[in-house]
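Colleague: Please walk me through this one feature by feature, with the general idea before the particular case.

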Amino acid sequence: IGTGAGLALSGHIPFICSFGAFLTGRYDQIRMSVSYARANVKIIGTHSGVGIGDDGHSQMGLEDAGLMRGLPGMTVLQPCDEIETREMMKWAVAYHGPVYFRLTRQNLTPVHDESYKFNIGKFDVLKRGNSGVVLFGTGGVLQECVKAAASKDVTVVNVGSVKPFDHEGVTALAKGAKLFVSVEDHYTTSGIGSALAESMAEQGLAGIKLKRLGVHEQFGESGEPAELYDMHGISAKKIAELL
């Protein structure tokens with residue numbers, strides 16, 4: 001992190017990479033050397049969430065997005081497939097400022113085609129429904145959201161830009177909505193569910209229930225990714241039961 005900050009302050013564009021759980025273990029260095037210094041460092045946090053499977057909690061980044069959201073000037077991005085990852089990388093190279101990427105260990109089924117263009121601070125609406133239910137997914141679990149919604153009349157939203165968050169998009173999606181459901185392979189505290197709740201409260205959006213799906217107040221554990229997704233209620237099957 002210190003080397004990355006030094007390179008950035010010398011005019012380079014460093015991309016530094018490690019497991020998200022290990023990077024956030026050096027939070028004080030990121031806070032001072034990168035965020036406070038407004039250093040143009042691109043931080044790549046991999047192996048996010050319980051989706052990494054057998055490696056267990058010591059290597060599962062479950063609080064990283066929330067920690068990075070709290071840093072002034074830090075952009076937080078979470079792509080859902082390799083196409084979105086490439087587009088975000090292009091944007092990050094052109095942008096001057098610190099960026100945190102939250103990536104998975106597992107391969108992800110493509111959600112987009114090659115025509116996709118990333119738009120910072122904006123939701124990516126994949127499907128529009130008329131039931132009044134809006135499903136917000138991010139990162140590795142977005143493909144679970146897509147599967148869960150395949151036979152349901154619901155709106156599906158990809159939240160690739162975690163910070164800045166699309167508050168205008170929340171307002172637009174609230175029209176006619178009765179239920180918002182957020183899905184993330186992250187603690188439900190401080191992730192996209194929290195960002196959504198903050199936005200709804202600040203805008204005074206009444207009459208819409210929010211259900212946050214993710215890891216609730218417990219450490220991760222070893223297991224098959226599909227089993228862990230099911231255990232924490234973020235598998236396609238468990239999501240579909242709520243829709």
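Colleague: Where in the chain does Pro164 lie?

Modeller: First, how elements are named: helices (H or I, at least four residues) and strands (E, at least two) are DSSP runs, numbered from the N terminus. Pro164 lies in the loop between β8 and α7, and the peptide bond leading to Pro164 from Lys163 is cis, with omega near 5°. This is a predicted model, in which local features need pLDDT of at least 70 and side-chain atom pairs count only at pLDDT 80 or more, while totals for chains, interfaces and linings use all residues. Residues are numbered from 1 along each chain as its sequence is written, and side-chain values use heavy atoms, with hydrogens and water left out.

Colleague: Next, backbone angles. Which loop holds Arg38, and is Arg38 buried, partly exposed or exposed?

Modeller: The exposure scale comes first: buried means under 20% relative accessible area, exposed over 50%, and partly exposed in between (1.4 Å probe, protein chains only). Arg38 is found in the loop between α3 and β2 (42-46). Its relative accessibility is 47%, so Arg38 counts as partly exposed. Phi of Arg38 is near 55°, a positive value in a residue other than glycine. Glu217 also has a positive phi, near 40°, and is not a glycine. Glu217 sits in the loop between β10 and α9 (225-231) and is exposed, with a relative accessible area of 76%.

Colleague: Now the sheets. In what order do the strands of the sheet with β1 stand?

Modeller: Strands of a sheet pair through backbone hydrogen bonds, either parallel or antiparallel. The criterion here is that DSSP finds at least two bridges between two strands. The order is β1-β2-β4-β3-β8, an open sheet of five strands with mixed pairing. At its edges stand β1 (15-19) and β8 (161-163), each with a single partner strand, so one side of each has no neighbour in the sheet. For the twist, axes are lines fitted to C-alpha atoms (for helices over the stretch in contact), and angles run from 0 to 180 degrees between N-to-C directions. From one strand to the next, the twist averages 20°. Inside this sheet, β3 (residues 75-77) and β4 (residues 99-102) pair in the parallel sense over three bridges, and Val76 stands opposite Tyr100 in β4.

Colleague: And which strands stand at the edges of the sheet with β6?

Modeller: That open sheet has five strands in the order β5-β7-β6-β9-β10, with mixed pairing. The edges are β5 (124-127) and β10 (209-215); each has a single partner strand, so one side of each lacks a neighbour in the sheet. Ignoring direction, neighbouring strands are turned by 25° against each other on average. Strand β6 pairs in the parallel sense with β9 (residues 179-187) over five bridges, with Val133 facing Leu179 and Val134 opposite Phe180. Four bridges join β6 to β7, again parallel, and there Gly137 has Asn158 as its bridge partner.

Colleague: How many residues of β6 are buried?

Modeller: Five of the five, so β6 is largely enclosed by the rest of the structure. Val133, Leu135 and Gly137 point one way from β6, and Val134 and Phe136 the other way. Helix α7 lies across β6, β7 (155-158) and β9, at about 140° to β9.

Colleague: Which residues have the most contacts inside the largest nonpolar core?

Modeller: A nonpolar core is a set of buried Ala, Val, Leu, Ile, Met, Phe, Trp, Tyr and Cys residues joined through side-chain atoms within 4.5 Å. The largest has 30 residues, and those with the most contacts inside it are Ile43, Met74, Phe123, Phe136 and Phe180. Two or more residues each come from α3 (27-36), β6 (133-137), α7 (167-174) and α8 (192-203), and α8 gives the largest share, four residues. A second, separate core of 25 residues includes Met60, Leu62, Cys80 and Val181. As for contacts (heavy atoms within 4.5 Å), Phe180 touches, leaving aside neighbours within four places in sequence, residues including Val134, Phe136, Leu196 and Met200.

Colleague: Finally, what is the radius of gyration of the chain?

Modeller: The radius of gyration is taken over C-alpha atoms, and the globule rule is 2.2 Å times the number of residues to the power 0.38. The value is 17 Å, close to the 18 Å that the rule gives for 243 residues, so the chain is as compact as a globular protein of that length. Buried residues make up 53% of the 243 residues.
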